[in-house]
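Please open the model in your viewer and keep the sequence panel beside it, since this tour moves back and forth between the two.

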Amino acid sequence: MSPVSTVTAVLLAAGSGERVGSGSPKQFLPLAGEPMVIHSLRTLDACPAVDSIVIALPFDRSGWPREMEGFAKVAAYADGGPTRQNSLARALEHLPEDAPVVMVHDASRPLLTGQLLRSLLGALDDSCDGVIPAIPLEDTIKRVSTGMFVTEQLDRNGVWRVQTPQIFRREALVDALTRAIEAGLEATDCSHMLTLGGYRVKVVPGDPQNFKVTRPGDLAWAEAVLASRTVPPAGGRL
Ligand code: CTP
Ligand code: MG
C-alpha cells in the first residue's frame, strides 16, 4: 500500500486548561514567544501529507490567537463542546468530503515533530484502521489510596502510555465515535473508541518530548525542550 498522502488534521484546542491554573485556556498561553497552539499548528501545516486542518476552539472564541489565520491549510474552525470527545465530534462535522484519513492532535502537546508524523503515516497499512504513538512504562506502578497509602502494586508488563497525534481511517473513526456516543461512553482517547468498536489500532514508538502540557511547571519544561532543539546558526559556535 502506498504511503498516506491525503490527511485532514483535527487540532483540538477547545479545552479550558483548568489544571494549568492560569485562568485562561492553556493552548493560548505564550510558549517560547507565541501562543502554544501555534507550535502544533505549524508542525501540522508543514507536513506534506496533511492537506487540510480543522481546529476546534472554545465556543466563545475567547483569547484565540489571530496568528492562526496565517496558516494556509486551515480549512475550518469548529465550536468546541464541553468535553474533548464532543469537541472532536463537532470538528468532524467540518471534514472535507475527500478526507479518507484523519489525524487527531491535542493542542496541549505543542512538541510534536515532523518525524513523529512520518512514523505514524508510514505505519498505516492494510493491517490496521489506525496508528497511535505510545511509550512503554518504565516506572513501577502502584495504586495509591486517597489517604496516600500504597494499596497495590500493578503489573506494568505490556502497559504503554499513549500520546497524540493519532491517525485513523475516517469511516472507522466516525463509526467508533457514533457507537461511543450511543453507548454513553466518554472517551478521553480516540483509539479507545476504536478498540472498543473492534477496530485494529497499531502502535509506533512515541516521543518522550511530546508530553502534554498539563500542570503549571510544564510550560517552563516545554520551553526548555524547544530551546534545546534550536540549532545554532552556522559559525555561531566559538
Ligand atoms: N479539549 C477540547 N475540548 C474540550 C476539552 C479538551 O478540545 N472540551 C482539548 C484541549 O484543548 C487539549 C486536548 O483536548 O488540547 C486534551 O485535553 P487536556 O490536555 O485535558 O486539556 P484541558 O481539558 O483544556 O485541560 P484540563 O483537563 O486541565 O482542564
Ligand atoms: Mg481535560
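In which helix is serine 87 found? The model you are looking at is predicted, and if you select residues 84-92 you will have helix 2, where serine 87 is found.

**First stop: serine 87**

Keep serine 87 selected and ask whether this residue is buried or exposed. With a relative accessible area of 4%, serine 87 is buried, because the cut-off for that word is under 20%. Now show what surrounds serine 87: once its neighbours within four places in sequence are left aside, the residues in contact with it are Leu12, Ala14, Ala56, Gly80 and Gly81.

**Second stop: the rest of helix 2**

Widen the selection to the helix and colour its buried residues, which are Gln85, Ser87, Leu88, Ala89, Ala91 and Leu92. What covers these buried residues of helix 2? The cover includes strand 1, strand 4, strand 5 and strand 6 (101-106), together with helix 4 (170-183) and helix 5 (190-196), and you may wish to show these elements one after another.

**Third stop: strand 4 and its partners**

Select residues 50-57 next, which form strand 4; 7 of its 8 residues are buried, so this strand is largely enclosed by the rest of the structure. Add residues 7-12, which are strand 1, and you will find that strand 1 runs parallel to strand 4 and is joined to it by 6 bridges. One place to look in this pairing is alanine 9, whose bridge partner in strand 4 is isoleucine 53. Then add residues 74-79, which are strand 5, and you will see that strand 5 also pairs with strand 4 in the parallel sense, here over 5 bridges. In strand 5, aspartate 79 is the residue that stands opposite leucine 57.

**Last stop: the whole chain**

Clear the selection and show the entire chain, whose secondary structure comes to 6 helices and 12 strands. Its radius of gyration is 18 Å, close to the 18 Å that the globule rule gives for 238 residues, so the chain is as compact as a globular protein of that length. Buried residues make up 46% of the 238 residues. If you consider the contacts between residues at least 6 apart in sequence, 69% of them join residues at least 24 apart. Finally, colour the chain by charge: there are 23 positive and 27 negative side chains, and the centres of the two sets lie 5 Å apart.

Key
Residues numbered from 1 in each chain as written. Chains lettered and ligands numbered in written order. Predicted model: local features only at pLDDT ≥ 70, side-chain atom pairs only at ≥ 80, totals over all residues. Heavy atoms only, no water. Helix = DSSP H or I, 4+ residues; strand = E, 2+ residues; numbered from the N terminus. Rg over C-alpha atoms; globule rule 2.2 N^0.38 Å. Buried < 20%, exposed > 50% of the residue type's maximum accessible area, 1.4 Å probe, protein only. Contact = heavy atoms within 4.5 Å. Lys, Arg positive; Asp, Glu negative; His and termini not counted. Charge placed at Lys NZ, Arg CZ, Asp CG, Glu CD. Pairing = 2+ DSSP bridges.
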